[in-house]
Amino acid sequence: MDSPLPLHVCHVNNLSVIINRLHALLHCIAIGFLIYYRASYLLQETRAIPIILWLLVFASELLLSFIWLLGRAYLWRPVSRTVFPERLPEDDKLPAIDVFICTADPEKEPAIGVMNTVLSAMALDYPVDKLHVYLSDDGGSPITLHGMREACRFAKWWLPFCRRYGIKTICPQAYFSEADSDDYFGDSEFMVEKKKIKEKYEMFEEHVTKAVEDGEYGNSQNHSTIIEIIQETFGESETIRQADLVEMPLLVYVSREKRPEHLHHFKAGALNVLLRVSGVISNSPYILGLDCDMYCNDPTSARQAMCFHLDPKISSSLAFVQFPQKFHNINKYDIYDGRFRSAYCVQWQGMDGLKGPVLSGTGYYIKRESLYADFTHTELKDTFGKSNVLINSLHQSYKQNNANGENFSNVLQEETGVLASCSYEHQTKWGEEVGILYQSVSEDLFTGFILHCKGWTSTYLTPFRPQFLGTSTTNLNDLLIQGTRWGSGLTDVGLSRFCPLLYGPSRMSLLQSMCYGELSFFPLLYCLPLWCLATLPQLCLLNGISLYPERFVNTCKRSFPLEVQSMHGEMSREFG
Ligand SMILES: O=c1ccn([C@@H]2O[C@H](COP(=O)(O)OP(=O)(O)O[C@H]3O[C@H](CO)[C@@H](O)[C@H](O)[C@H]3O)[C@@H](O)[C@H]2O)c(=O)[nH]1
Ligand SMILES: [Mn+2]
């Protein structure tokens, strides 16, 4: 029988709603005056200011007004949510979860950091037999594979320790670098145990770093498939308490085949290989997606996400639960806004009040089914490729533990090899209709957009304690590279046949299309206004040309002091 108490509640912030809408109205009036002023000047017979100047400023203001208008959709109905994981059904009724972690470059993404992410995911507070952790290594690096074996060995100490003492910081590196991590236990047995685990961790760290010094990075562009279920047995010198000999989550290393003559589609390609390979191994109905630089900072995220996925009122249409990206390496000045506050503190909450936030690349729990196209009317092999085992897995509900180290049978080993080969997707619908989509380098936003267009919804949860913590870009060079990649990915979507403002409105609400429109057009639409308004008014000022007549400016300032400020604020919000 279902619990009569809700698993989650949604609060609409009515005060914000009223303030936001009133503010939008006032701002609209101010924009109306400005447009009237600019347009009427064009109709005058004699003009003191060069027309080209006037037109450039006018065009900039129109573009800014348009993008501003689209952005109002975020503020239309912001909501926040609370979950009650204690009301979830017992553990044996919880659905299984596959965790997908992606790594690509062993030089930029050091193995020890990646292994900490793996360990933190293994230590999630969830039934171990229902948790499967997959690492995709696009670098095809022996160092990473070796790191996985070491991580598995250390996990046999780390997991029981976390469970026995209810450790919250389940990422060992973060835990041992915290000054007062959970030391409130104060008890001597705990302290002894902690010291022992710390020594084990240091040994683990040493083994991994030594392998980096001695080993080879491998060829990330040209290598064959390696898929291995990681299982480490204890060395003779290691003894472990009988009570701690617990089961561990399944741990799988996947390095897909890469050849220079085949497109590999970056992270989206890696995720699709994981989808297929995990489909024939554990086939869990839910997937947690993580970047290798973003570790689980709290054990409860899986149960929190299940509060939405297991709510019968919303679960049939719910595709994913998104947590915010938070970062541990940002100083208090944060001059590049590495925290992306407008996205994670304002925009996603606003979209959550419509049909849900954007899929944000990491820190989401997605339903596997939502990534498979509607396959009831299609020729399955044309869509999913030639693997019969994979096709059978589509129909079959989750098969528990059909793979562990010993019985990772030859058949399965061969099948996963085929599924991870670089030619598997030829003449299939992978990346076009099935799985993570390849159309844009911002694969996350685009995939989420198409899911919303198909009628799926999402929810956004921002608990007080960050559930996931990552590494943000902190220098200008990395920031510009990342910004250019995102900018071109978003513009790609905006200018494609999937333009949210044209493709969206008939498939989702107008407000939601406006949100996606704002996201995909802002890099492009800010270009001209940014250059014009950063140069022309200043040049005019130096030459004694007045773009804004004094009387007009004074009236505006008197009537709409807030509006004048917020119009200026709008640009500084996006560009720091
Ligand atoms: O060929 C590739 C390239 C990248 N990755 C992995 O993808 C993740 C994200 O890549 P990164 O280069 O760190 O990009 P970021 O700009 O930091 O990532 C943000 O932007 C991406 C979309 O552009 C999203 O996928 C990410 O989740 C989001 O955090 C990392 O774990 C990489 O290891 C691969 O697995 N294969
Ligand atoms: Mn990253």
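This passage describes the surroundings of ligand 1, the salt bridges and one open sheet in a predicted model.

The shell around ligand 1 consists of 18 residues, and the closest of these are C102, D138, D291, E443 and R485. By class, seven residues of the shell are charged, six are nonpolar and five are polar. Four secondary-structure elements each contribute at least two residues to this shell: strand 3 (97–103), helix 7 (266–281), helix 14 (443–453) and helix 15 (476–495). The largest contribution comes from helix 15, which supplies three residues.

Several polar side chains approach oxygen atoms of ligand 1. For D291, a polar side-chain atom is placed 2.7 Å from an oxygen atom of the ligand. The side chain of R485 likewise has a polar atom 2.7 Å from an oxygen atom of ligand 1. In the case of Q482, an N or O atom of the side chain lies 2.9 Å from a ligand oxygen. On its own, ligand 1 has 680 Å² of accessible area, of which the protein covers 84%.

D291 also takes part in a salt bridge within the protein. Its side chain meets that of K267, with an N to O distance of 2.8 Å. D291 belongs to strand 7 (residues 286–291) and K267 to helix 7, so this salt bridge ties together parts of the chain that are 24 residues apart in sequence. D291 has a relative accessibility of 21% and is therefore classed as partly exposed, the upper limit for a buried residue being under 20%. D291 thus combines a polar approach to ligand 1 with a salt bridge to K267.

In total, the structure contains 19 salt bridges. One of them joins D98 and R368, whose closest N and O atoms are 2.8 Å apart. Because D98 is located in strand 3 and R368 in helix 10 (residues 368–371), the pair connects parts separated by 270 residues in sequence. Both partners are buried: the relative accessible area of D98 is 0%, and R368 has a relative accessibility of 3%.

A further salt bridge is formed between the side chains of R149 and E228, with an N to O distance of 2.9 Å. Here R149 lies in helix 4 (residues 142–165) and E228 in strand 5 (residues 226–229), so parts of the chain 79 residues apart in sequence are tied together. R149 is partly exposed, at 29% relative accessibility. E228 is also partly exposed, with a relative accessible area of 24%. In addition, salt bridges link D91, D125 and R303 in a network.

Three strands form an open sheet with mixed pairing, in the order 8-13-10. The edges are occupied by strand 8 (294–296) and strand 10 (326–327); each has a single partner strand, so one side of each is left without a neighbour in the sheet. Strand 10 runs parallel to strand 13 (residues 468–470), and two bridges join them. Within this pairing, F327 has G470 of strand 13 as its bridge partner.

Methods
Residues are numbered from 1 along each chain as its sequence is written. Chains are lettered from A and ligands numbered from 1 in the order in which they are written. This is a predicted model: local features need pLDDT of at least 70, side-chain atom pairs count only at pLDDT 80 or more; totals for chains, interfaces and linings use all residues. Side-chain values use heavy atoms; hydrogens and water are left out. A residue is near a molecule or strand if one of its heavy atoms lies within 4 Å of it. A polar contact is a pair of N or O atoms within 3.5 Å; within protein, one must be able to donate a hydrogen and the other to accept it, and residues adjacent in sequence count only if both atoms are side-chain atoms. Accessible areas come from the Shrake-Rupley method with a 1.4 Å probe; for residues, only the protein chains shown count as cover. Ala, Val, Leu, Ile, Met, Phe, Trp, Tyr, Cys and Pro count as nonpolar, Asp, Glu, Lys and Arg as charged, and the others, Gly among them, as polar. A salt bridge is a side-chain nitrogen of Lys or Arg within 4 Å of a carboxyl oxygen of Asp or Glu. Buried means under 20% relative accessible area, exposed over 50%, partly exposed in between (1.4 Å probe, protein chains only). Two strands pair if DSSP finds at least two bridges between them.
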